[in-house]
Amino acid sequence: ATPQRCDELIQHFLPEAGWGALDWQPLHRGAWLRIAVPGLLFVAAITGALCWRFGAMGLLALLLIPLQLWRAWRIAGACGYADNGRLVAWRSGWLSKTWNFAEIGKIQAVRLSQSPLDRRLGMANLLLDTAGASPFGAPLHLFHLPMAAAEAMSARLVAQLARTRLQR
């Protein structure tokens, strides 16, 4: 569906959620670097294999490094998160855009996590699992948030969930 049609459907089924007025926040300022790491490791592995097979000509694969950094920067710029007290939303994708959201009243589990690299860069991830979600579907996962924002959102959601009765 087009983004406009998706907005209409969300507004129709969740009129009180405030989807159109969400205040989208950017990811951590170093998220592009964190996103780039797997691609850079792949380029390093390919370069090593090509150098082993073809000698110094394999170093040409290092020309992929700027492409990987640019790609990561574009992805990080396209991602964002929003929380308006009624729902938590996540947008991702640069070429193919995706929006995911969960009503706070349906969240049943919150997990704050960090890898050693995330900890070093000052960012964290939030995993939100909802009641009635498919066991085969992915929970709402917010990646590369600033640590202070992730901790504050996690604490607020946990406190709000403790006061709220789970909805079906």
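A residue counts as buried when its relative accessible area is under 20%, as exposed when that area is over 50%, and as partly exposed in between. The structure described here is a predicted model. Trp90 has a relative accessible area of 5%, so Trp90 is buried.

Trp90 also takes part in an aromatic pair. A pair of aromatic rings is described by the distance of the centres and the angle of the planes. The structure holds four aromatic pairs. One of them joins Trp19 and Phe101. Their ring centres lie 5.2 Å apart, and the planes meet at 55°. This geometry is classed as tilted. The two residues come from distant parts of the chain. Trp19 sits in the loop between α1 (3-13) and α2 (31-54). Phe101 belongs to strand β3, which covers residues 98-103. The partners are 82 residues apart. Trp19 has a relative accessibility of 10% and therefore counts as buried. Phe101 reaches 31%, so Phe101 counts as partly exposed.

The pair of Trp90 and Phe143 is edge-to-face. Here the centres are 6.3 Å apart, with 65° between the planes. Angles over 60 degrees count as edge-to-face, which means that a value of 65° falls in this class. Trp90 lies in strand β2 (residues 87-92), and Phe143 lies in strand β6 (residues 140-146). The pair therefore ties together parts that are 53 residues apart in sequence. Trp90, as noted, is buried. Phe143 is partly exposed, because its relative accessible area is 32%.

Ring pairs also build a cluster. Its members are Trp19, Trp24 and Phe101. The tilted pair of Trp19 and Phe101 thus has both of its residues in this cluster.

Attention now turns to the surface. A nonpolar patch there has an area of about 610 Å². Trp32, Leu33, Leu64, Leu67, Trp70 and Trp73 make up this patch. Helices α2 and α3 (64-78) each supply at least two of its residues. The largest share comes from α3, with four residues. Trp32, one of the patch residues, lies in helix α2. Its relative accessibility is 34%, so Trp32 counts as partly exposed.

Leu9 lies in another helix, α1. With a relative accessible area of 32%, Leu9 is partly exposed. Leu9 and Cys51 are 42 residues apart in sequence. In space, their C-alpha atoms are 53 Å apart.

How values were computed: Residues numbered from 1 in each chain as written. Predicted model: local features only at pLDDT ≥ 70, side-chain atom pairs only at ≥ 80, totals over all residues. Heavy atoms only, no water. Phe/Tyr/Trp six-rings, centres within 6.5 Å; stacked < 30°, edge-to-face > 60°. Buried < 20%, exposed > 50% of the residue type's maximum accessible area, 1.4 Å probe, protein only. Patch = residues over 30% accessible without salt bridge, like charges linked within 9 Å, V, L, I, M, F, W, Y side chains within 5 Å. Areas by Shrake-Rupley, 256 points an atom, 1.4 Å probe, with all protein chains shown as cover. Salt bridge = Lys/Arg side-chain N within 4 Å of Asp/Glu carboxyl O.
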